[in-house]
Amino acid sequence: MLEVRPYTFWFVTGSQHLYGEETLQEVANNSKEVVAGLNKEGNLPFEVEFKEVLTTAPDIHSLMQKANADENCAGVITWMHTFSPAKMWISGLKALQKPLLHLHTQFNRDIPWESIDMDFMNLNQAAHGDREYGFIGTRMDVSRKVVVGHWQSKEVTTKVSDWMKTAVAVADGSNIRVARFGDNMRNVAVTDGDKIEAQIKFGWTVDYYGIGDLVEEMDQVTDEELNALYKEYEELYELPAEASEPGPIRDSILYQGKIELGLKSFLKKGNYTAFTTNFEDLHGMKQLPGLAAQRLMAEGYGFAGEGDWRTAALLRFMKIIAGNEGTSFMEDYTYHLEPGNEMILGSHMLEICPTVSATKPKIVVNPLGIGGKEDPARLVFDGRGGDAVNASLIEMGGRYRLVINEVKAEQPEIETPNLPVAKVLWKPEPSLSEATEAWIYAGGAHHTVFSFDVTTEQLYDFANMAKIECVVIDKDTKLRQFRNELKWNEAVYR
């Protein structure tokens with residue numbers, strides 16, 4: 001399984017010297033208690049580390065520069081416990097290059113009605129201290145997340161937790177490296193793009209390799225390695241009866257194992273966390289990677305077919321957010337247009353990640369019908385039901401647009417005995433016709449990342465951190481307003 005480093009988040013509190021040292025010490029003690037509480041009871045995915053109470057512009061600027069330089073710091077959380085004049089935050093906010101969360105909270109949950117006095121009021125001033133700080137963030141157009149509520153509230157800690165996962169995905173983005181075996185599918189527009197701009201904007205590295213480079217790695221796989229992997233297949237999946245004896249079915253499965261081991265070795269040696277293949281470029285290979293690609297996605301690797309490096313990188317990014325749960329490469333394949341029960345069948349030629357499965361996957365060997373190679377082994381299963389998102393990252397001539405559709409997936413109830421691929425069914429919000437019209441107006445691609453575990457809010461936060469356009473298609477979408485939003489965004493993001 002691909003691992004993510006143990007990132008931390010720095011917590012800093014704003015105040016000023018007007019209140020005296022005794023008050024500043026109390027502010028520090030309260031801040032430490034908040035951080036300890038978040039770490040102990042907040043169910044956060046990463047540790048929060050209290051740094052200090054900041055009271056001067058030089059100290060703020062210095063701390064932000066230290067945060068930038070610390071590879072383990074994935075973001076900064078700020079809280080204005082008292083009134084902290086915002087001019088002193090300007091240079092620090094200009095310098096900060098890490099994701100920023102503005103936690104608008106206060107130490108006490110309730111007003112102590114019987115004992116409240118001016119000392120209490122002067123100490124607990126987040127209600128207007130955070131508004132002063134918020135103004136300068138807006139004035140400077142600082143990308144940040146604002147979370148409001150008491151720090152012990154589950155709603156607050158859930159929002160902080162979700163933001164943390166996105167911030168870590170952004171921090172780890174500089175480590176997303178895509179190995180592209182072959183070019184993109186010929187004459188296809190949406191899978192092409194500017195790899196240099198992607199590296200500048202997101203930190204994603206995309207490198208080309210000929211398919212022969214992978215074949216050389218596959219040739220190094222030993223029979224001992226292959227047999228051990230085959231036993232793993234037998235433990236995890238249902239295999240065809242014919243696979244119990246030597247023959248073409250068993251050979252096909254073993255060949256996918258050889259591709260998997262060769263691919264994994266190649267990716268590890270190059271520190272790659274995502275890859276693409278292309279059925280038009282398989283010289284030297286007997287099969288298109290099917291089972292092999294599915295297995296590597298299940299380990300956390302990003303993947304997309306036909307050389308679609310951008311979707312492969314987005315899949316790896318979203319798998320970091322999701323902790324590699326319930327997230328897959330996807331393609332809108334065909335529609336069910338029964339009135340009142342319209343839905344989309346999502347699949348791909350071979351490669352849907354088993355983390356979205358509701359059933360125990362089966363290994364099958366069937367003709368592919370495209371590519372002109374031997375019948376490839378692949379995992380077949382039905383996707384589970386539940387709320388999910390379908391996301392596409394596209395280029396719009398020098399800029400990016402992230403298109404998100406909220407959907408409701410349904411576990412298939414009708415058998416498809418002649419369809420030898422994994423499938424997922426979903427109903428897009430607000431309806432198939434409206435969602436699809438909006439998707440097409442937005443230029444969303446046919447390749448997507450489908451996830452039960454990544455939320456719209458997390459993807460919106462990503463777009464905010466990266467300063468790219470984001471449009472959401474959900475139950476509240478109105479087509480006329482949506483089309484106007486696309487026009488307005490042209491002016492804002494051009």
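In which sense, and over how many bridges, do strand E6 (residues 177–181) and E7 pair? In this predicted model, E6 and E7 pair in the parallel sense over five bridges, and within that pairing Arg177 stands opposite Thr205 in E7. The two strands belong to an open sheet of four strands, ordered E7-E6-E8-E9 and paired in parallel. Its edges are formed by strand E7 (205–209) and strand E9 (302–304), each of which pairs on one side only. On average, and with direction ignored, neighbouring strands of this sheet are turned by 20° against each other. Helix H12 packs on the sheet, where it touches E6, E7, strand E8 (274–276) and E9, and the direction of H12 makes about 150° with that of E9.

H12 (residues 309–322) also packs against helix H6 (residues 154–171), at an angle of about 140° and with the two axes 8 Å apart. Because angles over 145 degrees would be needed to count as roughly antiparallel, H6 and H12 are classed as oblique to each other. The crossing of the two helices is right-handed. On the side of H6, the contact involves Lys165, Thr166, Val168, Ala169 and Val170, which meet Phe317, Ile320 and Ile321 in H12. By residue class, this contact of H6 with H12 comprises six nonpolar residues, one polar residue and one charged residue.

A further set of pairings centres on strand E15 (residues 400–410). Strand E14 (residues 386–395) and E15 pair in the antiparallel sense over ten bridges, with Ile394 having Arg401 in E15 as its bridge partner. The hairpin of E14 and E15 has four residues between the strands, and in this hairpin Gly397 takes a positive phi near 75°. E15 also pairs with E16 in the antiparallel sense, here over four bridges, and Glu410 stands opposite Leu425 in E16. With E18, by contrast, E15 runs parallel, and five bridges join the two strands; in this pairing Leu402 stands opposite Cys470 in E18. Eight of the eleven residues of E15 are buried, so the strand is largely enclosed by the rest of the structure. The same description applies to strand E18 (residues 469–473), which is largely enclosed because four of its five residues are buried.

Several loops contain backbone geometry that merits separate mention. Most residues other than glycine have a negative phi, and most peptide bonds are trans. Asn324, which is not a glycine, nevertheless has a positive phi of about 65°; this residue lies in the loop between H12 and strand E10 (327–336). With a relative accessibility of 10%, Asn324 counts as buried, the cut-off being under 20%. Lys467, likewise a residue other than glycine, has a positive phi near 55° and is placed in the loop between helix H14 (456–466) and E18. Unlike the buried Asn324, Lys467 is partly exposed, with a relative accessible area of 47%. A cis peptide bond, with omega about 0°, joins Glu429 and Pro430, and Pro430 is found in the loop between strand E16 (424–428) and helix H13 (432–442).

Terms used: Residues numbered from 1 in each chain as written. Predicted model: local features only at pLDDT ≥ 70, side-chain atom pairs only at ≥ 80, totals over all residues. Heavy atoms only, no water. Axes fitted to C-alpha atoms, helices over the stretch in contact; angles between N-to-C directions. Parallel < 35°, antiparallel > 145°, perpendicular 65-115°, else oblique. Left-handed = near helix turned anticlockwise from the far one by under 90°. Contact = heavy atoms within 4.5 Å. Nonpolar A, V, L, I, M, F, W, Y, C, P; charged D, E, K, R; others polar. Buried < 20%, exposed > 50% of the residue type's maximum accessible area, 1.4 Å probe, protein only. Pairing = 2+ DSSP bridges.
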